[in-house]
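Biologist: Got a minute to go through this one with me? Pull it up and we'll chat.

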Amino acid sequence: WDWRMSVSCLLKAGGRWRSFPVPVELSLFQTLRNFCYRKKSTAPEKTISSVSFYDENAKESGNALDKLFSSEQQASILHVLNTASNKELEAFKLLHGKKSISIIEHREKFGPFQDLESLMNVPSFQFKTIVQVCNSILCPEGEKKKRKFQENRLLGKLIKPDIERERLKAANSILSIVFGTQRIAWALLDRKLTVLDWQQSDYWKLVNRTYPSSLYLKEISSVISKMPKADFYVLEKTGLSIQNSSLFPVLLHFHIIEAMLYALLNKTFTQDGQHHVLSMNRNAVGKHFKLMIGDTRTSGKELVKQFLSESVLKAKPRVFFPPDRVVHYRQMFSSADPPDSHRREELYDSLLQAIAFYELAVFDTES
């Protein structure tokens, strides 16, 4: 065979990769057919790498794609490309954003795709991209597993402990809790991002010196008695470094408060083993709202004031504050002018954390 008529196929078998040259007409079709129509088993999955040999010059071959996919496979691919909505197209690999829009626009302007080669006329579609798109349409389960793995990996960096995404997406209410050295603030939001409760409570300055565990229990129990119930309780996880010995008393205080909140709010854990208390990365919330300057997070006061104003002025605000509470919250801000404005930081942060939790973990607006 001429080298232009062969391709280096990669198969994953038994955890190792093997490479061998085979004729194009036989290898790709048989490999794709075996991959997409094989029976499910518990054995390690065999996967196909992207066709590495073909490049832009493959466009010159009018029947190149016909050799990769059977007539039945081509019919299935064309049916999806000609009938799927923009949202349905985005579910497939490499069809996010502009590519799915380009397919819809090309379809509306020139009519249905008659063959796979016509995809090359769509902006940003190259031969290699078309092969990958066709593979994902024929074998969507593999793509779903890959996306779920990536989704869970990102979620694990945002929230601890690990929790099933389905449970988060089913949440109807969350109570976001942020605590400092002298006070605890919380914000209760439903899945429509309506602020149902938002306040803070001062507690005794427990960080000043060592206190018995019974005193911690008394103070934290008193605060929890004021908190409303929710499907999930989300605690702020600070990024304080244990390497800084001067911050050790503060860090110890935070760990004690966090542990007590986990124990006192996770009331059904011993019965069902399900976590209802979670910790959310503070800096991840700061990045979501663009509040980070280097490794330092800035105040969220102005952003919260903006959300409060938009709730009154916009028909569809990002966050909705009940009209009967707007005046109260505005007065709360006006009473927090310097030098006492720092006394409200936990309050601002609790609201921002609740919004970020819904947008990143429940609605997944950045995926």
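Modeller: Sure. Before we start, "buried" here means under 20% relative accessible area. And keep in mind that this is a predicted model.

Biologist: Okay, strand β5 then: which residues sit on each of its faces, and are they buried or exposed?

Modeller: R183, A185, A187 and L189 are on one side, with I184, W186, L188 and D190 on the other, and all of them are buried. So by that under-20% cut-off, both faces of β5 are covered. The strand spans residues 183-190, and 8 of its 8 residues are buried.

Biologist: What does β5 pair with on the β4 side, and how many bridges are there?

Modeller: Strand β4, residues 173-179, runs antiparallel to β5 and is joined to it by 7 bridges. I174, for instance, has L189 in β5 as its bridge partner. The two strands make a hairpin, with 3 residues between them.

Biologist: And how does β6 connect to β5?

Modeller: Antiparallel again: 7 bridges link β5 to β6, residues 195-202. A187 stands opposite W198 in β6. This pair is a hairpin too, with 4 residues in between, and L193 in that turn has a positive phi of about 60°.

Biologist: Switching topic: where does R330 lie?

Modeller: R330 is in helix α14, which covers residues 323-334. It counts as partly exposed because its relative accessibility is 42%.

Biologist: What is R330 in contact with, beyond its sequence neighbours?

Modeller: Setting aside anything within four places in sequence, R330 contacts L308, S309 and V312. L308 is 22 residues away in sequence, yet the C-alpha to C-alpha distance to R330 is 8.0 Å.

Methods:
Residues are numbered from 1 along each chain as its sequence is written. This is a predicted model: local features need pLDDT of at least 70, side-chain atom pairs count only at pLDDT 80 or more; totals for chains, interfaces and linings use all residues. Side-chain values use heavy atoms; hydrogens and water are left out. Buried means under 20% relative accessible area, exposed over 50%, partly exposed in between (1.4 Å probe, protein chains only). Contact means heavy atoms within 4.5 Å. Two strands pair if DSSP finds at least two bridges between them.
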